[in-house]
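Visitor: Please show the model, and then let us go through it by question and answer.

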Protein chains: 2
Amino acid sequence: MRYELYYWPEIQGRGEFVRLALEEAGAYYIDVARGAGGVAAMTKIMNDARARHPPFAPPFLRAGKHMIAQTANILFYLGPRLGSSPREEAGRLWVHQLQLTISDFVEETHDTHHPISVSLYYEEQRAAAKRTTAEFWKERVPKFLGYFERVLTNSGGNCVLGRKLSYADLSLFQAIEGLRYAFPKRMKRFERRVPRLIALHDRIAHRPRIAAYLASERRIPFNQWGIYRYYAELDA
Amino acid sequence: MRYELYYWPEIQGRGEFVRLALEEAGAYYIDVARGAGGVAAMTKIMNDARARHPPFAPPFLRAGKHMIAQTANILFYLGPRLGSSPREEAGRLWVHQLQLTISDFVEETHDTHHPISVSLYYEEQRAAAKRTTAEFWKERVPKFLGYFERVLTNSGGNCVLGRKLSYADLSLFQAIEGLRYAFPKRMKRFERRVPRLIALHDRIAHRPRIAAYLASERRIPFNQWGIYRYYAELDA
């Protein structure tokens with residue numbers, strides 16, 4: 001199967017969770033908006049006033065006649081096809097449940113620099129961002145990452161499903177990468193509290209296909225337009 | 001099947017999207033935490049340090065040997081079983097995609113009164129809440145509700161799937177109800193821009209099982225602890 005991924009070409013963003021799953025599986029995919037005319041093709045799909053199943057926002061994936069949006073939904077669809085989630089219902093729903101919790105965490109991480117609105121600049125909400133970031137690190141990071149550490153502790157292996165890698169593990173890798181980029185000092189202090197999660201991150205970074213991807217031009221570097229942004233004043 | 005729903009007993013919250021689907025189907029379910037000892041039972045499940053598949057937060061649903069968390073995931077599971085989503089994959093994923101977009105909108109609605117952090121009181125983030133609410137109504141409500149209006153326009157019927165009611169329609173009903181409670185003046189001015197969505201809301205309110213539910217003690221009234229809260233100063 002040839003997959004067409006549609007996502008903003010300048011950022012990792014939410015598309016990156018899908019890219020990592022496709023890369024780990026060695027899947028054949030086109031990152032459409034990064035090719036010539038790709039952004040126009042993506043925008044055309046989004047703005048189609050007559051579309052019966054329009055996506056609300058990128059990322060979305062074309063797979064044959066299917067067009068699927070919402071990051072966690074795309075991963076749910078791809079999981080059994082890429083061998084990165086179980087085929088049986090209970091296991092598939094469990095990985096999806098974890099992915100939805102990762103999505104919630106990613107959203108809260110994003111909101112540290114944009115607590116008031118995505119339609120205002122960071123500079124217009126800097127004071128609020130400082131307060132949000134303080135609460136985020138005091139309450140939310142320990143709660144979310146503590147939860148995933150517990151899942152790994154009880155899984156019977158070193159992945160969320162036990163021994164078998166899933167797309168949720170890849171997404172946790174990305175969440176850790178992003179926190180390290182956005183909050184290097186805070187994260188350095190925090191990591192000792194979630195050793196299993198950090199070990200999972202490090203193993204994933206060394207998987208051959210992921211390592212090759214991270215070293216390639218296909219991996220867009222972190223920057224100041226994505227979910228994870230570095231502001232020294234927020235990384236106290 | 002006897003379902004056990006676990007959710008905070010004082011609020012509609014995210015649990016309400018599941019309750020509406022169960023009520024419309026006439027399903028046999030127990031709202032566990034509203035019974036004697038129910039909150040303790042719920043908390044015990046959440047705090048079980050050895051659980052292999054712990055929920056991160058309520059709502060969660062026990063269905064036989066399954067324990068499923070995350071609102072959209074619960075609805076995805078229930079959909080075909082309650083007759084409120086298609087059984088075939090493409091249709092089931094489309095309804096789920098819509099539900100995930102509704103979840104995003106619900107989250108942003110909640111954040112109008114808690115933009116800085118859920119761990120601070122409203123009174124500690126009132127100024128930020130005013131700015132967030134202004135942007136929410138200027139940018140986000142038109143974008144989200146305009147999107148759902150487009151979906152209804154193109155569906156070939158008066159539900160998101162066309163003629164057949166789905167749990168996403170019930171969730172849209174609840175989103176409209178909530179906005180009317182939290183922002184009565186703003187919503188009154190806005191509604192003329194999304195006539196199909198309002199018509200859908202009104203039809204659902206008159207469906208026999210939903211009308212009976214809304215009139216019953218099972219429906220927890222809106223209050224100041226849930227997702228939707230009324231602050232006169234935010235409803236300019």
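The exchange below covers one chain, the relation between the copies, and a sheet.

Guide: This is a predicted model, in which local features need pLDDT of at least 70, side-chain atom pairs count only at pLDDT 80 or more, and totals for chains, interfaces and linings use all residues. Residues are numbered from 1 along each chain as its sequence is written, while chains are lettered from A and ligands numbered from 1 in the order in which they are written.

Visitor: What is the radius of gyration of chain A?

Guide: The radius is taken over C-alpha atoms, and the globule rule is 2.2 Å times the number of residues to the power 0.38. For 236 residues that rule gives 18 Å, and chain A is close to it, so the chain is as compact as a globular protein of that length. The radius of gyration of chain A is 18 Å.

Visitor: Which kind of axis relates chain A to chain B?

Guide: Copies are superposed by least squares on the C-alpha atoms of residues with pLDDT of at least 70 in both. A turn of 180° with a shift of 0.0 Å along the axis lays chain A on chain B at an RMSD of 0.0 Å. That is the relation of a two-fold axis.

Visitor: Which strands of chain B stand at the edges of the sheet?

Guide: Strands are DSSP runs of E, at least two residues, numbered from the N terminus, and two strands pair if DSSP finds at least two bridges between them. The open sheet of chain B has the order E2-E1-E3-E4, with mixed pairing. Each edge strand has a single partner, so one side of each is left without a neighbour in the sheet: these are E2 (28–31) and E4 (66–69).

Technical notes: Helices (H or I, at least four residues) and strands (E, at least two) are DSSP runs, numbered from the N terminus.
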